[in-house]
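Visitor: I would like to learn how to read burial, packing and cysteine pairs in a model. Can we go through one together?

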Amino acid sequence: MVAVILLLVKEPLLYVLGANAETIGYATEYFFWIALGAPIIIFSLTPTNLLRTEGSANAAMVGSVLGSIVNIILDPIFIFTFGLGAAGAAIATVLGNVCADIFYAWFVIKRSTILSMKLKGFVLRMDHVKEVLRIGIPGCVTNLMQSIGVTLLNRSLLPYGNEAIAAMGIVSKVTMIVTMIMVGFSFGGQPLYGYLYGAKNHVRMKKTIRFAYTLVCGIALVMSLVIYVFAPQFIHIFMNDPSIVETGAQMLRAMLVGEVFIGFVMVTTCLFQSCGKASGALALSAGRQGYVFFVTLTILGAIAGFTGVIYAQPAADFLTAVLAFVLYKLLLAKELV
């Protein structure tokens, strides 16, 4: 169903996302294959999280790394050897996810001690569905807001030319290095938060929370400083154009300002999800790249133009971190006294 819907709204959706007459051809080639492979890509998300919950974090990592390696190997083959361009990059991405899905299915069938793909004894209970939705909706909103945030940012950069949008695309890939490491450690703590909260082990819970904030925000700070210093070199890895390298370095340094705040928000969001504080998790999920980002982008873009646009996200990161601190005090801190 997802693939059908995406293919039906392909062209208008691409224009909404920031494509124009110069880029629509490449965007259409890439989008077609990604939309076609959407069910495969979506499927890989489920066993990844289930395996981590079961305690098989290594298996979840192996599947993810396997898919990425296959993607990296196939990218130059499809793009250059077969001359498929943007379409080749998308096909490589889909095939990487196919390999990951095959590995996950094999692991669940052959190695998992708890999970099963058998339908025998399967019962769909409404109380379980409600709990899944309570925890899952904030995560869903987070991913949705990421897409909306990218759309808002691309459209705000359109007046400054395709080079600015291309540079921001590279910046997003570089900052993803920091962000995904933080995601791994933030989500890795979820089972422990849930166990300790359910057991009412408040002393150990508070120690674990302090460790999580220190670790994730510390990683963000150190990695951001390193990338900040070598920003032009990181952009140059992806593009040789001097103007794009210069613009990209400026954008990258702006975005890195918010990474520590992102780490704080991530840990707090995962904490709320694990403790059943759906309202807090939802508020943060919808904030950073949703309503908070929209406000900062509108105000700073109007006041400072291009500079305001590229600093809108770190400003939103800071404000969302403040919101996370306030919500933590209101929703959870009193219970842990």
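Visitor: Is V62 buried, partly exposed or exposed, and what is its relative accessible area?

Guide: This is a predicted model. Buried means under 20% relative accessible area, and exposed means over 50%. V62 has 37%, so V62 is partly exposed. V62 sits in helix α5, residues 57-81.

Visitor: Which residues form a nonpolar patch on the surface with V62?

Guide: M61, V65, I69, I73, I77, F82 and L84 join V62 in that patch. Together they have about 680 Å² of accessible area.

Visitor: How do I read spacing along a helix?

Guide: An α-helix has 3.6 residues a turn, so residues three or four places apart point the same way.

Visitor: Now helix α10. What is its reach from first C-alpha to last?

Guide: Helix α10 covers residues 202-229, 28 residues in total. Its reach is 40 Å, close to the 40 Å expected at 1.5 Å a residue.

Visitor: Which residues of α10 are buried?

Guide: Among them are M205, I209, A212, V216, I219 and I227. C217 is on the list too.

Visitor: What do the buried residues of α10 pack against?

Guide: Their partners are α8, α9, α11, α12, α13 and α16.

Visitor: How many disulfides does a search of the whole structure find?

Guide: Zero. A disulfide needs two cysteine sulfur atoms within 2.5 Å. The closest cysteine sulfur to that of C217 is in C270, 12 Å away, so it is too far for a bond. For C270, the nearest cysteine sulfur is that of C275, at 11 Å.

Visitor: What are the relative accessible areas of C217 and C270?

Guide: C217 is buried at 15%. C270 is buried at 2%.

Terms used. Residues numbered from 1 in each chain as written. Predicted model: local features only at pLDDT ≥ 70, side-chain atom pairs only at ≥ 80, totals over all residues. Heavy atoms only, no water. Helix = DSSP H or I, 4+ residues; strand = E, 2+ residues; numbered from the N terminus. Expected span 1.5 Å × (residues − 1). Buried < 20%, exposed > 50% of the residue type's maximum accessible area, 1.4 Å probe, protein only. Contact = heavy atoms within 4.5 Å. Patch = residues over 30% accessible without salt bridge, like charges linked within 9 Å, V, L, I, M, F, W, Y side chains within 5 Å. Areas by Shrake-Rupley, 256 points an atom, 1.4 Å probe, with all protein chains shown as cover. Salt bridge = Lys/Arg side-chain N within 4 Å of Asp/Glu carboxyl O.
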